[in-house]
Every structure is written in structure tokens, then in C-alpha cells.
Amino acid sequence: VRDNGQIDLVLLGMGPDGHTCSLFPGHALLDEQTLTVAPIVDSPKPPPERITLTLPVLAAARNVAFVVGGESKQTAMKSVFRDADCALPAAKVTNAVWLADEAAAAWQ
């Protein structure tokens, strides 16, 4: 982390539902604009209580990379890359490089 709070590198994964960090589809935290790290107490996946970086922090990072693996990620990856109006949290991280294994990328 730089003196100005900017993160040099964020390494992310993506769930089959398109969530990243602990930012889940349709959750109010997707609209958080002021916090750097936010609590989530109603996660749709265990554990219910977590913390997460917010989208503005991810957008400000110098480098962001997704590492995605497995067949279960195909549908979400297709939505992220093919749907211009994709609302999945992973699609909202627009400054990322994506690394995917053959199974995750088989939708192409």
C-alpha cells in the first residue's frame, strides 16, 4: 500500500455467482463509495460475517488480476466478457487482467 492508500497489487478470485472479494450480486455493498474496507454481516455464503475491500479501492489499485479456475466459473466468465450490461460484481472491476484455466475459459 502506498502512502496515498493506493494498493499496488490486488489478486482476486471469482465465485460461480460472479462475486469477488466479499462483494455479492445484488448486495448493498456494491454501492459503497466512502469506505475502504467494509463489513458484511449477511453474506449469502458462509461465513455470514466478513470484511471486504470496496469497489472504489479495487478501481484505484495500480494492478488488479483475477485468477479463475474450474468449470463452475464458465457461466459467470461468459457474462463478464460478453454482456455489456453485466451486473456481476466481478464485471465491475474493469481494470483487471484475467488468468483462467482451460475449464473456466471453455465458454469461448
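Which residues are exposed on the other side of α2? Before I answer, let me say that what we are looking at is a predicted model, and let me take the whole chain first.

The protein chain holds 2 helices and 5 strands, and if you read along the sequence they follow the pattern β-β-β-α-β-α-β. Because a compact globule with 108 residues would have a radius of gyration near 13 Å, the 14 Å of this protein chain agrees with that expectation, and along its principal axes the C-alpha trace spans about 40 × 30 × 25 Å. Of the contacts between residues at least 6 apart in sequence, 65% join residues at least 24 apart.

As for the surface, the protein chain exposes about 6300 Å², of which carbon and sulfur atoms supply 52%, while 39% of the 108 residues count as buried. On the electrostatic side, there are 8 positive and 12 negative charges, and their mean positions are 4 Å apart.

Now to helix α2, which runs over residues 74-82 and has A76, M77 and V80 as its buried residues. These three cover an arc of only 100° around the axis, and therefore they lie on the same side of α2. The general background is that an α-helix has 3.6 residues a turn, so residues three or four places apart point the same way. The cover over the buried residues of α2 includes β4, residues 63-68, and β5, residues 96-100.

That brings me back to the opening question: on the other side of α2, the exposed residues are T75 and R82.

Notes:
Residues numbered from 1 in each chain as written. Predicted model: local features only at pLDDT ≥ 70, side-chain atom pairs only at ≥ 80, totals over all residues. Heavy atoms only, no water. Helix = DSSP H or I, 4+ residues; strand = E, 2+ residues; numbered from the N terminus. Rg over C-alpha atoms; globule rule 2.2 N^0.38 Å. Buried < 20%, exposed > 50% of the residue type's maximum accessible area, 1.4 Å probe, protein only. Contact = heavy atoms within 4.5 Å. Areas by Shrake-Rupley, 256 points an atom, 1.4 Å probe, with all protein chains shown as cover. Lys, Arg positive; Asp, Glu negative; His and termini not counted. Charge placed at Lys NZ, Arg CZ, Asp CG, Glu CD. Arc of directions from axis to C-beta.
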